[in-house]
Amino acid sequence: MSKMTYLGMDVHQKWIVVVWKRRDEKERVCTTENTLEGWAKLAGVFGAENVWAAYEASSCGWGLHDWLTARGWKVSVLAPTHLPKSVK
């Protein structure tokens, strides 16, 4: 069974910020444009790895979801209204 790489993504209209950490490695951060070229660059970082990405639902990410899942990634788009809130 191959290892899974988990990504947290912050998707904005112009940019995507991605954070991930593999076992026995330091946490890494990458920023790319929210364009087809940027998505391809992001996919190139992970090659043929098993990848599971998650990001908060917004109007900026549905094309990204379809593009990544067509390349075999698992993608979870999270509804902000269903995420737990911290108690302050």
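# Briefing: a five-stranded sheet and its two helices

Strand 1 and strand 2 form a hairpin with three residues between them; helices (H or I, at least four residues) and strands (E, at least two) are DSSP runs, numbered from the N terminus. The model is predicted, so local features need pLDDT of at least 70 and side-chain atom pairs count only at pLDDT 80 or more, whereas totals for chains, interfaces and linings use all residues. Residues are numbered from 1 along each chain as its sequence is written, and side-chain values use heavy atoms, with hydrogens and water left out. The hairpin belongs to an open sheet of five strands, on which the points below are built.

**Sheet architecture**

- The strand order is 3-2-1-4-5, and the pairing is mixed; two strands pair if DSSP finds at least two bridges between them.
- Strand 3 (28–33) and strand 5 (74–78) are the edge strands, each pairing on one side only.
- From one strand to the next, the twist averages 20 degrees; axes are lines fitted to C-alpha atoms, for helices over the stretch in contact, and angles run from 0 to 180 degrees between N-to-C directions.
- Strands of a sheet pair through backbone hydrogen bonds, in either the parallel or the antiparallel sense.

**Strand pairing**

- In the hairpin, strand 1 and strand 2 are antiparallel and share five bridges; leucine 7 has tryptophan 20 of strand 2 as its bridge partner.
- Strand 2 also pairs with strand 3, in the antiparallel sense and over six bridges, and here valine 19 stands opposite valine 29 in strand 3.
- Strand 1 (residues 4–11) and strand 4 (residues 50–56) run parallel and are joined by six bridges.
- Along that pair, threonine 5 is opposite valine 51, and glycine 8 is opposite alanine 54.
- Strand 4 continues to strand 5 through five bridges in the parallel sense, with tyrosine 55 standing opposite valine 77.

**Faces of the strands**

- Side chains alternate along strand 2: Ile16, Val18 and Trp20 point to one face and are buried (under 20% relative accessible area; exposed is over 50% and partly exposed in between, with a 1.4 Å probe and protein chains only).
- On the other face of strand 2, Trp15, Val17 and Val19 are not buried.
- Strand 4 likewise has a covered face, formed by Val51, Ala53 and Tyr55.
- The uncovered face of strand 4 holds Asn50, Trp52, Ala54 and Glu56.

**Helices on the sheet**

- Helix 1 (residues 36–46) packs on the sheet and touches strand 1, strand 2 (15–20), strand 3 and strand 4, where contact means heavy atoms within 4.5 Å.
- The direction of helix 1 makes about 150 degrees with that of strand 3.
- Helix 2 (residues 62–70) lies across strand 1, strand 2, strand 4 and strand 5, and runs at about 160 degrees to strand 5.
- Within helix 2, the residues Leu64, His65, Trp67 and Leu68 are buried.
- The cover over these buried residues of helix 2 includes helix 1 as well as strand 1, strand 2, strand 4 and strand 5.
- Glycine 72 follows helix 2 and has a positive phi, near 95 degrees.

**Isoleucine 16**

- Isoleucine 16 is placed in strand 2 and counts as buried because its relative accessible area is 0%.
- Residues up to four places away in sequence set aside, isoleucine 16 touches Met9, Asp10, Val11, Cys30, Thr31, Thr32, Glu33, Asn34, Trp39 and Leu64.
- One of these contacts, Leu64, is itself among the buried residues of helix 2.
- Valine 87 is 71 residues from isoleucine 16 in sequence, and the two lie 28 Å apart in space, C-alpha to C-alpha.

**Arginine 22**

- Arginine 22 is found in the loop between strand 2 and strand 3.
- This arginine 22 counts as buried because its relative accessibility is 17%.
- Apart from its neighbours within four places in sequence, arginine 22 is in contact with Thr5, Arg28, Val45, Phe46 and Glu49.
- Among those contacts is Thr5, the residue that stands opposite valine 51 in strand 4.
- Arginine 22 and tryptophan 73 are separated by 51 residues in sequence and by 16 Å in space, C-alpha to C-alpha.
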